[in-house]
Amino acid sequence: MKQVTYEGLTFEPYISRQDIAARVEELGKEIVRDCAGKTPLFVCVLNGAFPFASDLFRAVESIDAEITFIRLKSYEGTQSAGTVKEVLGMHEDIEGRTLIVVEDIVDTGNTIFRLINDLKEKNPAEIKVATLLFKPDALVRPVTPDYVGFNIPTKFIIGYGLDLNGKARNLNDIYILKED
């Protein structure tokens, strides 16, 4: 893995695709164990969580599961905008269902906090959160994901779904912004 540059910023390799794949398999096993006898509905938060949700959904192939998509936006450039805009909503009846909300990253917690509260209004049986990346030091909301791929520092990262103004989502590895 070598450094990459986007919009004049240099990023260093941080988490390899092999480490991501191994961790996704472990998370899949945890979900299979926790959801035995249930048919969970995975709620993929687009666009960033798409690669993670795709891999995680296939990692739970031994249980019946369904998937749907919702699109929210809270980032502008390298900073959280502080507000959450719902761009595309889901239309499934979730009353009495087990939901697994799949996020690429939980940092301030604003996005997932709002989404959980919105989903609770539709009376699901339970809501669990699976996030590939978690920045516990950046939290400003009382949010604790149920399934965490990796705890990371409060630095900007790209790759495997995470972007910089729409770019770099298609990188297979995760990169961290290089310090000067």
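Let me begin with the open sheet of four strands, whose order in this predicted model is β1-β2-β10-β9, with antiparallel pairing. The edge positions belong to β1, residues 4-6, and β9, residues 157-158. Each of these edge strands has a single partner strand, so one side of each is left without a neighbour in the sheet.

At the β9 edge, the partner is β10, residues 174-177, and the two strands run antiparallel, joined by two bridges. To give one register point, I157 has I176 in β10 as its bridge partner.

I stay with this region for a moment, and turn to the loop between β9 and β10, where A168 lies. Is A168 buried or exposed? Its relative accessibility is 4%, and it therefore counts as buried, the cut-off being under 20%. Leaving aside residues up to four places away in sequence, A168 touches Y6, I158, G159, Y160 and L162. Of these contacts, I158 falls within β9, residues 157-158, and Y6 falls within β1, residues 4-6. By comparison, K155 is 13 residues from A168 along the chain, and the C-alpha atoms of the two are separated by 16 Å.

I now move to a second group of strands, β3, β6 and β7. Strand β6 covers residues 98-106, and nine of its nine residues are buried, so the strand is largely enclosed by the rest of the structure. Which strands does β6 pair with, and in what direction do they run? Strand β3, residues 41-46, is joined to β6 by four bridges, and the two run parallel. Strand β7, residues 126-134, is joined to β6 by eight bridges, and this pair also runs parallel.

The register can be read from individual residues. Between β3 and β6, F42 stands opposite I100, and V43 stands opposite V101. Between β6 and β7, E103 stands opposite T131.

Strand β3 is itself mostly covered, with six of its six residues buried. The burial extends to both faces of β3: L41, V43 and V45 are buried on one side, and F42, C44 and L46 are buried on the other.

Next, the helices. Helix α1 spans residues 17-34 and helix α2 spans residues 50-58; their axes come within 8 Å and cross at roughly 55°. That angle makes α1 oblique to α2. The crossing is right-handed.

Which residues form the contact between α1 and α2? On the α1 side they are V24, L27, G28 and I31, and these meet F52, D55 and L56 on the α2 side. Sorted by class, the contact comprises five nonpolar residues, one polar and one charged.

Finally, I follow the chain beyond α2 to D64, which is placed in the loop between α2 and β4, residues 66-76. D64 has a relative accessible area of 58%, and it is therefore exposed, the cut-off being over 50%. This exposed residue nevertheless has contacts distant in sequence: not counting residues up to four places away, D64 touches K38, T39 and P40. L41, one of the buried residues of β3, is 23 residues from D64 in sequence, while their C-alpha atoms are 9.3 Å apart in space.

To close, I would set the two loop residues side by side: A168, in the loop between β9 and β10, is buried at 4%, whereas D64, in the loop between α2 and β4, is exposed at 58%.

Terms used:
Residues numbered from 1 in each chain as written. Predicted model: local features only at pLDDT ≥ 70, side-chain atom pairs only at ≥ 80, totals over all residues. Heavy atoms only, no water. Axes fitted to C-alpha atoms, helices over the stretch in contact; angles between N-to-C directions. Parallel < 35°, antiparallel > 145°, perpendicular 65-115°, else oblique. Left-handed = near helix turned anticlockwise from the far one by under 90°. Contact = heavy atoms within 4.5 Å. Nonpolar A, V, L, I, M, F, W, Y, C, P; charged D, E, K, R; others polar. Buried < 20%, exposed > 50% of the residue type's maximum accessible area, 1.4 Å probe, protein only. Pairing = 2+ DSSP bridges.
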